[in-house]
Amino acid sequence: MRRLTWSLLFVCAAGCTGQPPGAAIEGEVRFANGQRLPSGKIRFLPIGDTKGAVVTAEISDGAYRLGSRKGPAVGKNRVEMTAMRTSA
């Protein structure tokens, strides 16, 4: 009985977040001259009536990808990107 109780608690903790499902997304980030952003982060922040968690993805060689389990909430999101570049 004790083992069954822990199993049910674990399943609920992993799948009962109350968050709506996310969207699978992927894309590219380029500078105005067409060069890919070497590395950085992209964040999706739900706004307005859109409910969900803030999600972040790594940008590598200009590309990012998030599956539906870790993707942004379906609806309106503010998108923020950050990157650093060394200056000469």
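## One helix, five strands

This chain has one helix and five strands, where helices (H or I, at least four residues) and strands (E, at least two) are DSSP runs numbered from the N terminus. Reading along the sequence gives you α-β-β-β-β-β. It's a predicted model, so a few ground rules apply: local features need pLDDT of at least 70, side-chain atom pairs count only at pLDDT 80 or more, and totals for chains, interfaces and linings use all residues. Residues are numbered from 1 along each chain as its sequence is written, and side-chain values use heavy atoms, with hydrogens and water left out.

**How confident is the model?**

- The average pLDDT (the predictor's confidence in each residue, from 0 to 100) is 80 for the chain, and 76% of the residues score at least 70.
- Among the elements, helix α1 (residues 2–15) has the lowest mean pLDDT, 39, while strand β3 (residues 55–60) has the highest, 96.
- Residues 1–16 have pLDDT below 50, and beyond near neighbours in sequence this stretch has one contact in the model; contact means heavy atoms within 4.5 Å.
- Where pLDDT is low, the predicted coordinates should not be read in detail.

**The nonpolar core**

- A nonpolar core is a set of buried Ala, Val, Leu, Ile, Met, Phe, Trp, Tyr and Cys residues joined through side-chain atoms within 4.5 Å.
- The largest one here has nine residues: Val29, Leu37, Ile42, Phe44, Val55, Ala57, Ile59, Tyr64 and Leu66.
- Strands β2, β3 and β4 (63–66) each chip in at least two residues of this core, and β3 gives the most, with three.
- Leaving out residues up to four places away in sequence, Ile59 touches nine-residue-core members including Val29, Leu37, Ile42 and Tyr64, and its partners also include Pro38 and Met81.

**A look at Thr50**

- You'll find Thr50 in the loop between β2 (39–46) and β3.
- Thr50 is buried, at 14% relative accessible area; buried means under 20%, exposed over 50%, and partly exposed in between (1.4 Å probe, protein chains only).
- The Thr50 side chain reaches the backbone nitrogen of Lys76 at 2.8 Å.
- Thr50 touches Ala73, Val74, Gly75, Lys76 and Asn77, not counting residues up to four places away in sequence.

**The chain overall**

- Of the chain's 88 residues, 22% count as buried.
- Among contacts between residues at least 6 apart in sequence, 58% join residues at least 24 apart.
- About 7100 Å² of the chain is exposed, and carbon and sulfur atoms supply 56% of that; such areas come from the Shrake-Rupley method with a 1.4 Å probe, and for residues only the protein chains shown count as cover.

Note on methods. A polar contact is a pair of N or O atoms within 3.5 Å; within protein, one must be able to donate a hydrogen and the other to accept it, and residues adjacent in sequence count only if both atoms are side-chain atoms.
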